[in-house]
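Please examine the model shown here alongside the explanation that follows. The text proceeds from the interior to the surface contacts and then to the charged pairs.

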Amino acid sequence: MANAVSVRESLGRSLLLFLAALLPSALVAIFRYDWSLPPFEDAAMLMRYAGHFAEGYGIVWNPGDPPVDGATDFLFMVLVAGVHKLGFSLPDAVRLLSTLAHVATLWLVFRINVRRHRTGVGIALASVAYLSLGPGLVYLESYFGTPVFALAGLLTYRSFLWLLQRDRPSDALQFAIWGLVTGLIRPEGVLLAGAMLVTLFVAKGGKAFRPIVLAFGMVFGVLGGAYFIWHWWYFGHPLPNPFYIKGGGAIYVSSLRAAVINTMLLALPLLPLFLYGMWKQRMRPRVIILLAPVVGFVVVWILMSNAMNYAMRFQYVLLPILMVAWTPILQDLLRNYPQRAWLRIAGSVLVVAALTYQYLRYHDAARMFPDGRVELARTLAPFAGKGYTMAVTEAGNLPLFSQWRAVDTWGLNDREIAHAGSVTTEYLDRYRPEMIVVHDYWAPGYEKRIQEPKWARMTDTLETYVAARGYKLVACYGADPHNTHFYYLLPDFPDFARIRTLIRNLPYPWYENGRPAVNFVPK
């Protein structure tokens with residue numbers, strides 16, 4: 001009985017301290033964030049899939065079209081659809097899941113450091129405070145599911161840590177299951193779990209590794225294999241649709257460079273400690289094992305495009321892992337440095353400096369702004385029942401909030417365009433969209449700038465098409481004439497005049513700064 005009371009008291013004390021560590025990020029969330037802003041473009045795409053899935057249409061971009069895996073975050077999309085089915089709006093469903101995952105990740109970091117590494121509570125709380133003030137709030141604001149992926153990655157790493165210490169079949173099974181879940185949330189999760197598996201082979205080898213690889217092979221071979229076969233059968237292709245736009249077997253040196261820099265920036269205050277661990281011969285083998293999955297996951301980004309890596313979200317899964325990998329090195333430093341008092345003073349100063357770094361890097365300036373496309377889409381929503389189609393270069397908020405049938409001319413959400421390599425005149429003729437929206441880098445009377453060759457080829461195709469088919473340019477909004485949204489309307493559909501008036505007269509804040517955009521098409 002006394003032990004039970006003691007456990008409850010200890011847990012209650014831990015919870016209170018944990019909540020205290022969250023106070024800086026809670027104050028930032030309250031006073032530095034506007035939670036009413038619309039989703040980031042890529043996040044809005046996933047919501048469209050989740051909405052259609054919840055409504056019984058399947059995993060489709062447009063109801064009635066063949067399935068397409070454009071959401072990428074497959075399991076997260078399914079979870080969002082489930083919560084939406086319970087009565088939550090799509091934005092609320094995303095934010096609820098991401099917030100719960102973010103808090104769970106923070107609590108897991110605290111528990112791993114206290115229970116697995118046996119660190120002092122102060123060190124564990126410093127880890128929580130640093131992580132909570134990181135870009136997690138940015139993902140919550142922009143409606144990304146990144147915190148859900150980070151939680152799954154950390155649960156996989158926790159099983160990895162237990163397997164380094166002991167040989168239990170249940171730990172091997174948990175490691176395999178969480179690795180599969182991580183891979184189902186985002187495809188690169190398989191690569192993260194694979195990096196941990198290779199590290200376990202190097203660390204344990206021989207007979208001790210056999211139960212791990214057998215459990216991993218069974219879970220990934222049976223459950224993962226069944227999912228892969230189903231995915232290929234249901235979608236018609238083995239890989240998510242965006243891979244054929246952003247992957248395709250190319251080598252991305254720039255993506256590798258970005259992954260290295262982003263990971264270093266995410267954990268910048270910890271780098272001296274990791275270097276200390278590598279310098280100390282007695283610590284080096286352990287540090288290598290702890291960091292090997294991180295290094296492996298960074299290296300694989302040479303195979304994937306860095307496009308749309310908003311707020312370093314592709315590398316964020318590594319930050320919670322690093323927040324439980326650094327504490328054994330610190331413990332060694334504390335054990336072997338006689339001047340404990342000086343270390344505590346220096347540690348307190350470094351914690352304050354690290355939290356200040358997090359605040360200034362992620363929260364000192366506005367990140368998201370009102371978006372004219374969202375207000376316009378909501379205005380267009382009453383016309384959705386008339387079967388109108390829009391073709392858009394950025395298929396996020398406009399299709400989501402208007403609920404119009406949409407053609408994603410870039411191809412992330414269009415299987416045929418993705419595999420053909422570009423949109424064509426013949427493909428557009430098949431839909432004959434009433435509205436075409438082009439994000440380009442010029443305005444009438446100004447020279448066009450080429451930001452990216454493949455994007456320029458797409459916009460050239462669209463601009464040639466609208467000229468040949470007699471579309472009317474009704475607006476060209478932008479903060480400056482070299483970064484603009486063109487709105488073209490087909491002149492012979494019934495609501496041309498009404499929608500033209502709406503587009504031209506609606507306030508259009510520019511999504512990059514929230515200021516009123518200029519319409520470069522004179523009235």
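Helices, as named here, are DSSP runs (H or I) of at least four residues, numbered from the N terminus. In this predicted model, helix α21 covers residues 415-420, and Arg-415 belongs to it.

Arg-415 offers a convenient point of entry. Its relative accessibility is 28%, so it counts as partly exposed, a class that lies between under 20% for buried and over 50% for exposed. Beyond its neighbours within four places in sequence, Arg-415 is in contact with Pro-66, Pro-67 and Val-68, and also with Phe-235, Gly-236, His-237 and Asn-241. With one of these residues, Phe-235, there is a polar approach: a polar atom of the Arg-415 side chain lies 2.3 Å from the backbone oxygen of Phe-235. By contrast, Val-352 is 63 residues from Arg-415 along the chain, and the C-alpha atoms of the two are separated by 49 Å.

The interior may be considered next. The largest nonpolar core comprises 172 residues, and those that touch the most other members are Val-80, Tyr-157, Phe-175, Met-435, Tyr-487 and Ile-503. Helix α8, residues 146-165, gives the most to this core, with eleven residues. What surrounds Phe-175, leaving aside residues up to four places away in sequence? Phe-175 touches Thr-156, Ser-159, Phe-160 and Leu-163, and its further contacts are Ala-193, Met-196, Leu-197, Leu-200, Ile-212 and Phe-216.

Nonpolar side chains also appear on the surface. Leu-173, Ile-177, Met-218, Val-222 and Leu-223 form a nonpolar patch there, with a combined accessible area of about 450 Å². Two helices, α9 (169-185) and α11 (206-235), each supply at least two residues of the patch, and α11 gives the most, with three. Leu-223, a patch member, is found in helix α11. Its relative accessibility is 52%, and Leu-223 therefore counts as exposed, the cut-off being over 50%.

Two buried polar residues in other helices deserve attention. Gln-331 is found in helix α17, which spans residues 327-336. Its relative accessible area is 14%, so Gln-331 is classed as buried. Apart from residues up to four places away in sequence, Gln-331 touches His-117, Arg-118 and Thr-119. A polar atom of the Gln-331 side chain lies 2.9 Å from the backbone oxygen of His-117. Thr-459 lies in helix α23, residues 453-468. Is Thr-459 buried or exposed? At 0% relative accessibility, Thr-459 counts as buried. Setting aside residues up to four places away in sequence, it touches Val-438, His-439, Asp-440 and Lys-448.

The charged pairs complete the account. A search of the whole structure finds 20 salt bridges. One of them links Asp-171 and Arg-166, whose closest N and O atoms are 2.6 Å apart. The two partners differ in accessibility class: Asp-171 is buried, with a relative accessible area of 5%, whereas Arg-166 is partly exposed at 23%.

A further salt bridge joins Arg-378 to Glu-375, with the closest N and O atoms 3.2 Å apart. Both residues belong to helix α19 (residues 372-380), and because they are three residues apart in that helix, about one helical turn separates them. Arg-378 is partly exposed at 43% relative accessibility, and Glu-375 is likewise partly exposed, at 37%.

The salt bridge between Asp-492 and Arg-432 has its closest N and O atoms 2.8 Å apart. Asp-492 lies in the loop between β5 (483-489) and α24 (496-505), while Arg-432 lies in the loop between α22 (425-431) and β3 (435-440), so the pair ties together parts that are 60 residues apart in sequence. Arg-432 counts as partly exposed, at 43% relative accessibility. Elsewhere, salt bridges that share partners join Glu-41, Asp-371, Arg-373 and Glu-394 into one network.

Conventions:
Residues are numbered from 1 along each chain as its sequence is written. This is a predicted model: local features need pLDDT of at least 70, side-chain atom pairs count only at pLDDT 80 or more; totals for chains, interfaces and linings use all residues. Side-chain values use heavy atoms; hydrogens and water are left out. Buried means under 20% relative accessible area, exposed over 50%, partly exposed in between (1.4 Å probe, protein chains only). Contact means heavy atoms within 4.5 Å. A polar contact is a pair of N or O atoms within 3.5 Å; within protein, one must be able to donate a hydrogen and the other to accept it, and residues adjacent in sequence count only if both atoms are side-chain atoms. Patches are made of residues with over 30% relative accessible area and no salt bridge: like charges are joined within 9 Å, nonpolar side chains (Val, Leu, Ile, Met, Phe, Trp, Tyr) within 5 Å. Accessible areas come from the Shrake-Rupley method with a 1.4 Å probe; for residues, only the protein chains shown count as cover. A salt bridge is a side-chain nitrogen of Lys or Arg within 4 Å of a carboxyl oxygen of Asp or Glu. A nonpolar core is a set of buried Ala, Val, Leu, Ile, Met, Phe, Trp, Tyr and Cys residues joined through side-chain atoms within 4.5 Å.
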